[in-house]
Amino acid sequence: MEQCACVERELDKVLHKFLTYGQHCEQSLEELLHCVGQLRAELASAALQGTPLSATLSLVMSQCCRKIKDTVQKLASDHKDIHSSVSRVGKAIDRNFDSEICGVVSDAVWDSREKQQQILQMAIVEHLYQQGMLSVAEELCQESTLNVDLDFKQPFLELNRILEALHEQDLGPALEWAVSHRQRLLELNSSLEFKLHRLHFIRLLAGGPEKQLEALSYARHFQPFAQLHQREIQVMMGSLVYLRLGLEKSPYCHLLDNSHWAEICETFTRDACSLLGLSVESPLSVSFASGCVALPVLMNIKAVIEQRQCTGVWSHKDELPIEIELGMKCWYHSVFACPILRQQTSDSNPPIKLICGHVISRDALNKLINGGKLKCPYCPMEQNPADGKRIIF
């Protein structure tokens with residue numbers, strides 16, 4: 001962030017100079033135009049009178065020409081100063097950011113360059129589908145000769161079709177989808193269907209007294225949700241009392257807030273993605289956000305490794321040399337780090353629970369074996385290494 005702030009300061013200076021130069025340039029040109037206009041009027045007047053050019057008028061002309069020349073030179077000089085300020089922004093970028101970041105990760109992470117390219121293309125296509133850019137995704141698939149199954153596309157197509165309808169305040173497709181997936185949504189403790197019915201009821205309320213009977217009839221849809229959403233249903237039914245007076249000036253005016261539409265889009269996206277086994281954010285956007293946090297740390301590590309010539313520190317394909325904190329947003333599953341070796345466990349080095357209850361990694365267990373016996377590093381209990389059991393988190 002410090003590097004970004006440094007570049008931003010240089011950029012602010014350039015923008016300020018641009019603004020100041022523009023104002024000064026406009027003011028100077030207006031003064032010149034006014035001066036030339038006055039001189040032109042005087043020359044025209046002298047020509048009509050048939051009088052020869054006076055010494056005073058000649059002096060005014062030479063002064064006007066000198067003023068034009070000086071102003072143009074001053075504007076050109078100021079313009080050159082702006083060019084130097086722009087170049088300082090480029091130098092600030094080069095000074096604060098490393099242009100070559102490919103060397104941070106070893107090529108050994110990927111099985112092959114073709115595999116690397118295929119994974120990246122697939123991530124981009126999935127991101128485009130998830131963002132609703134279907135035509136762009138199809139074009140990329142054609143140009144990259146990437147074969148994407150229809151079964152992979154279908155959830156994104158359906159998701160975007162319903163979201164487009166919601167953005168146009170059309171609840172029909174979303175309600176139809178929620179009703180058809182009611183049982184699975186209930187298993188997720190989702191209130192999506194109720195919120196859709198509530199929003200439709202609010203739209204009827206916004207129609208005024210003419211929609212009162214229709215709203216009362218539609219209220220029957222709340223019956224399956226009465227136990228879980230009793231308070232919200234009571235609020236909506238209570239708003240009917242103020243329907244003739246206008247909900248806008250009633251204690252229930254919050255029901256007409258447009259933020260409900262943004263909320264229902266977020267709720268539908270979250271619940272639908274959970275139901276369809278998709279992530280709310282695309283893997284590409286999550287990877288990019290995580291990379292922005294981790295990259296500066298990794299570059300510092302790489303510089304230290306090269307400086308101290310520690311060749312074997314970073315040799316694992318699926319593990320970084322140190323732990324990088326990405327924040328709670330990027331916590332997806334539990335992890336276990338061996339308290340002995342200070343390494344995160346993996347499939348090849350799983351956590352092992354000893355008879356005494358303490359847990360260490362398999363590599364640590366193998367190193368602690370002495371004469372066919374294992375003494376727990378946390379308590380004096382001796383035990384048979386074969387009695388340790390693998391733990392799966």
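**A colleague's note on this predicted model**

1. Let's start with residues 338–379, where helix makes up 17% of the span and strand 26%. The C-alpha atoms at the two ends of this span are 16 Å apart. Please keep in mind as you read that this is a predicted model. The span has a label too: an unreviewed UniProt entry lists residues 338–379 as "zinc finger region: RING-Gid-type".

2. Next, have a look at the sheet. Three strands form an open sheet in the order β2-β1-β6, and their pairing is antiparallel. Its edge strands are β2, residues 359–361, and β6, residues 389–390, each of which pairs on one side only.

3. For a closer view of that sheet, follow β1, which covers residues 351–353. Two bridges join β1 to β6 in the antiparallel sense. If you would like a single contact to find on screen, try Ile-352, whose bridge partner in β6 is Arg-390.

4. How many cavities of 30 Å³ or more does the structure hold? There is one. The largest cavity encloses about 50 Å³ of space. Two elements each give two or more residues to its lining, namely α8 (192–206) and α11 (259–276).

5. Which residues line the largest cavity? They are Lys-195, Arg-198, Leu-199, His-260, Glu-263, Ile-264 and Thr-267. Helix α11 gives the most to this lining, with four residues. By character, the lining residues divide into three charged, two polar and two nonpolar.

6. Now for a backbone detail in a loop. Thr-145 is not a glycine, yet its phi is positive, at about 55°. You will find Thr-145 in the loop between α4 (134–143) and α5 (150–167). Is Thr-145 buried or exposed? Its relative accessible area is 66%, so Thr-145 counts as exposed, the cut-off for that being over 50%.

7. A second residue deserves a similar look. Gln-169 has a positive phi of about 60°, and it is not a glycine either. Its place is the loop that runs between α5 and α6, the latter being residues 172–180. Gln-169 is partly exposed because its relative accessible area is 34%, a value that falls between the 20% and 50% limits.

8. If you want a short route through the model, begin with the sheet order β2-β1-β6, go on to the cavity lining shared by α8 and α11, and finish at the loops that hold Thr-145 and Gln-169. Enjoy the tour!

Terms used
Residues numbered from 1 in each chain as written. Predicted model: local features only at pLDDT ≥ 70, side-chain atom pairs only at ≥ 80, totals over all residues. Heavy atoms only, no water. UniProt positions renumbered as here; feature names shortened; annotations may be inferred. Pairing = 2+ DSSP bridges. 1 Å grid on protein atoms, 1.4 Å probe; cavity = no way out; pocket = protein on both sides within 12 Å on 5 of 7 lines; lining within 4 Å. Points joined across faces, edges and corners; volume = space filled by probe spheres on them. Nonpolar A, V, L, I, M, F, W, Y, C, P; charged D, E, K, R; others polar. Buried < 20%, exposed > 50% of the residue type's maximum accessible area, 1.4 Å probe, protein only.
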